[in-house]
Amino acid sequence: MKLQLTRHSSVIILIVMILVTILLGFHYQKLVRESLINGQQQAGLMLTKSYANSIWPSHAGFVQRAASIKHDNLRNSDELQYIHRDLRRLVRGSNILRVAIIDINGLIVYSTNRERVGKQLTNDAGYQNAVTGTIHSSLSFHDAYKSSRADLERRYVVTSHVPVRILDAAPVEAVIAIDFDTTTLMNELNYQQIQTIGWLVLVMALVSLLLYGFTKHSDQLLEKQLLQREKDIKHMRHLAYHDSLTGFPNRTSFNEHTEEAVFRAKRVGWTMAVMFLDLDRFKLINDSLGHDAGDQLLCLTAHRIREVLRESDLLFRMGGDEFTVILEGVKIPEQAADVANRVLEVVSQPLELQEEEFTISASIGMAVYPRDAKSAEHLVKCADAAMYRAKEMGGNCFSFYSQEMNERFENQLKMETALRRAVTNEELFLQYQPRICSHTQKIIGTEALLRWKHPEWGIVPPSRFISQLEESGLIIQVGTWVIREACRQNKLWQDMGLEPIRVSVNLSSRQFRSESLVNAVRSALADSGLEPCYLELELTESLLVDNTEHAISLMYALKELGIALSIDDFGTGYSSLSYLKRFPIDCLKIDRSFITEIASNTKDAAIVEAISTLAHNLGIGLVAEGVENINQAKLLKGYGCNEMQGYYYSRPVDANHLASVISQQNSLISPTKIA
Ligand SMILES: Nc1nc2c(ncn2[C@@H]2O[C@@H]3COP(=O)(O)O[C@H]4[C@@H](O)[C@H](n5cnc6c(=O)[nH]c(N)nc65)O[C@@H]4COP(=O)(O)O[C@H]3[C@H]2O)c(=O)[nH]1
C-alpha cells in the first residue's frame, strides 16, 4: 500500500499541477478580459468625448425632444439620418459594431440598429450607471449578433455605456452605448491561453513522467530491500528454530511444539507421546573418526529416523547425539512402542563412514500424555528419565516412563535442594590427599577433594553429589569456592612455615566450559597471595575432546597465569594420544583402575609402562593414583612413576592433619603416620 502511494504520488502531483495551471489560466483570462474591457472603455470614452464636442451640440435638441415624438415618427425621423451620418464618420475604420444614443429617461433615441429606436432601457444596469456619470462596460459572447451592417456569428462584444456631457463636471445629458467587436482579440487570447496551458501541461506531464520513473525506481529498490529483509527475517527465524547440521527443527522448536501438542491433545482428548532418543557410543565414533564423520553420522541417522515416522510425527535434533520425536494422536501407548521399535531398527542398520562400515544403536525413552504427565514440561522430563533408564538397561532398547523413575526424580530434586542449602549453610569442606615423591617419599603435593557434611545424612561422598552439582549448575559457584579455598589453605600452610607444596583441584566439565574460569583462578591466586606455581588444575580427557580448539586456547590462557595442568584418570577416556602434544600439560595421572591389579594383570602393567614411557618422552610428570600397597608402589617406581597417591600413603585428610604431617616430614614418611 505504502509503495503504491509512493508511485501514485507522481500522478497526484501531476493532477494537482494541471488543476493549478487551469486555475491560473482562468485567472489570467479574467485579467486579460478586464484589461480588454478597460481598453475598449477608454476607446468608448474617447469616442463619446469627440462626439460630445463635435456632433452632440447639433443633435442635443432632437435627443431631448425625442421623448415627445411618437415612436414611428421617431424611427422615420430625418434627424436620425443626420446622426447616423455624423456618427459613421466618427466610427469609420474602428471595431465598433453598434452605437446607440439614449436620452436621460432611458429611451433609445438613435441606434445603428434601427429596430431598437424607441425602446426603453430604464432597467439596463449599464445605462443606469452611465446616467449617474459612471462609465460601465461589460463583455459578452453572442452566438448570433445583428450589427448595423450585417448579421454576425459567434461574437465577443464589449458594450460600453458612456455618459454624454459637454464638460466633465457638467450634468449628464444622454448616454451613448457602444458595442465593440473584440472577437479577433478574444479568439487570439483564447488560442494563446490554450497554447500556454497546453505547453504547461506537457511540461508538467514530462516532469511527472520523470518523477514517476524516479519514484518507480525508488519503489523497486524499496521493494527489493523489503523482500531482502523478509528473506533475512525468514532465514534468521529458520536458524533460530532449526539445527544447522541436520536441518531438522531444534530444541527451541521442540519446546514450542510440545506445548502446542499437549494443548491440542487436552482439547481433542487424545493421547500423544514424546520420544527421547540418544545414540549409544556416539562419542566413541566421534572421537576416533573425527567430528566430520560424527556430523555425517548424525545427518544420516536423522534422515533414517525421519523415514520410519508418519508424516504427522515431528523429529527434532536437541543437540549432540540427542533427538526427540512428537507423536500426536497415538491411539494407545503401544502404538508408540511400534514406532520406537522401527526407529531402533533403522538406526542400527550398518552405515558407511570413511569407507568403513559401522553400526550404531540408540536408547529411547518415551512418555505418554495424559498417562504419565499432564503438562508439556513434565512430559519432557518423564521421557528424558525413561531414556536414561534405557541407557542403564544397556542401550539399543526403549523404555516407557514409570512411577519408579518419578521417585528417582524426586530424590534428585531433594538432593538438589539439599545441595543448595549446603552451599548457603557452609556444609561443604575440603579434605586433602597427599601426593608423594617416589624417590624422596616426601609430600610434594596434595589433591583437594570436596566433602559434604549433611546435618542428617552425615558425610556424603562426592560420587553422590558432584554430578548433581554439575546438572544444577551449582558447580560453577562451588568449584570457584574450591579453587579459592585450596589456594587460601595452601598459602596458610606456607605462612605457617611449612615446606611449600602444590595443591591440585579437580575441574568439572561445566566449570571448564564456563567463561569465568580464568578470572576465577586469577582472583583466587591474587586474593590468597599464593604463587601460581603452587596450584594445579586437574582436567579429564573428556573435557578436552568436546571442543578441542576452544580447550587448547583455554588451557593456554590458564598456563599464562603460571599454574600447572594435569590430566586426571588418564587412560580411561576415548581420546587419541595425538592430542597430548597439542595440550600444554605438565602431568598425567594414571587412573586407579590400571593400578589396582598391576601386580597380577600383565596387561595393566603393560599399559602403565607404556603411559610412563610416553610421559617421559613428552617430558611431562607422571602420578599413579590409588596406590594401596607397597607392591604397587614398588612396581610403579620401577616403571618410572615419579609421584604416588593412594591409601597406602594416606586417605584424604583435613587441612590441619596434613599440616602436622608436612611439618614432620624431614624424615621418610611412613604410610601409617598420616592416616
Ligand atoms: N579405592 C581407592 N580410592 C582412592 C585411593 N586414593 C584416592 N582415592 C580416591 O580417588 C579419588 C581421587 O579423586 P579423583 O580421581 O579426582 O575423583 C574425584 C573427583 O573426580 C571428584 N571430586 C572430588 N572433589 C572434587 C571437586 O572439588 N571438584 C570436582 N569437580 N570434582 C571433585 O570426585 C571423585 C571422587 O572423589 P573421592 O571420593 O574423594 O575419591 C578420591 C579419593 O578418595 C585409593 O588408594 N583407593
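## Ligand site and selected backbone features

In this predicted model, an oxygen atom of the ligand is found 3.3 Å from an N or O atom in the side chain of Asp569. Taken alone, the ligand would expose 790 Å², and 81% of that area is buried by the protein. Two further side chains, those of Gln433 and Arg451, also place a polar atom close to the ligand, with the distances given below.

| Side chain | Ligand atom | Distance |
|---|---|---|
| Asp569 | oxygen | 3.3 Å |
| Gln433 | nitrogen | 2.9 Å |
| Arg451 | oxygen | 2.9 Å |

The ligand sits in the second largest pocket. Two or more residues of the shell around the ligand are contributed by each of strand S14 (443-454), helix H13 (462-472) and strand S18 (564-570), and S14 supplies the largest share, namely four residues. In total, 21 residues surround the ligand, and the closest are Arg451, Asn506, Asp568, Glu628 and Tyr647. Arg451 is thus named among the closest residues, and a polar atom of the Arg451 side chain lies 2.9 Å from an oxygen atom of the ligand. What is the chemical make-up of the shell around the ligand, in terms of nonpolar, polar and charged residues? The shell divides into nine nonpolar residues, five polar residues and seven charged residues.

Apart from the ligand site, the unreviewed UniProt entry lists residues 6-26 and residues 196-214 under "transmembrane region". In the predicted model, the span 196-214 is 100% helix and 0% strand, and the C-alpha atoms at its ends lie 27 Å apart.

Two details of the backbone can be inspected alongside these features. Most residues other than glycine have a negative phi, and most peptide bonds are trans. The bond that joins Tyr369 and Pro370, however, is a cis peptide bond, with omega at about 5°; Pro370 itself belongs to the loop between strand S11 (361-369) and helix H11 (376-392). Where does Glu355 lie with respect to strand S9 and strand S10? Glu355 is located in the loop between strand S9 (351-353) and strand S10 (356-358), and its phi is near 60°, a positive value in a residue other than glycine.

Conventions: Residues numbered from 1 in each chain as written. Predicted model: local features only at pLDDT ≥ 70, side-chain atom pairs only at ≥ 80, totals over all residues. Heavy atoms only, no water. Near = heavy atom within 4 Å. Polar contact = N/O pair within 3.5 Å; in protein donor to acceptor, adjacent residues only side chain to side chain. Areas by Shrake-Rupley, 256 points an atom, 1.4 Å probe, with all protein chains shown as cover. 1 Å grid on protein atoms, 1.4 Å probe; cavity = no way out; pocket = protein on both sides within 12 Å on 5 of 7 lines; lining within 4 Å. Sits in = over half its atoms within 2 Å of the grid points. Nonpolar A, V, L, I, M, F, W, Y, C, P; charged D, E, K, R; others polar. UniProt positions renumbered as here; feature names shortened; annotations may be inferred.
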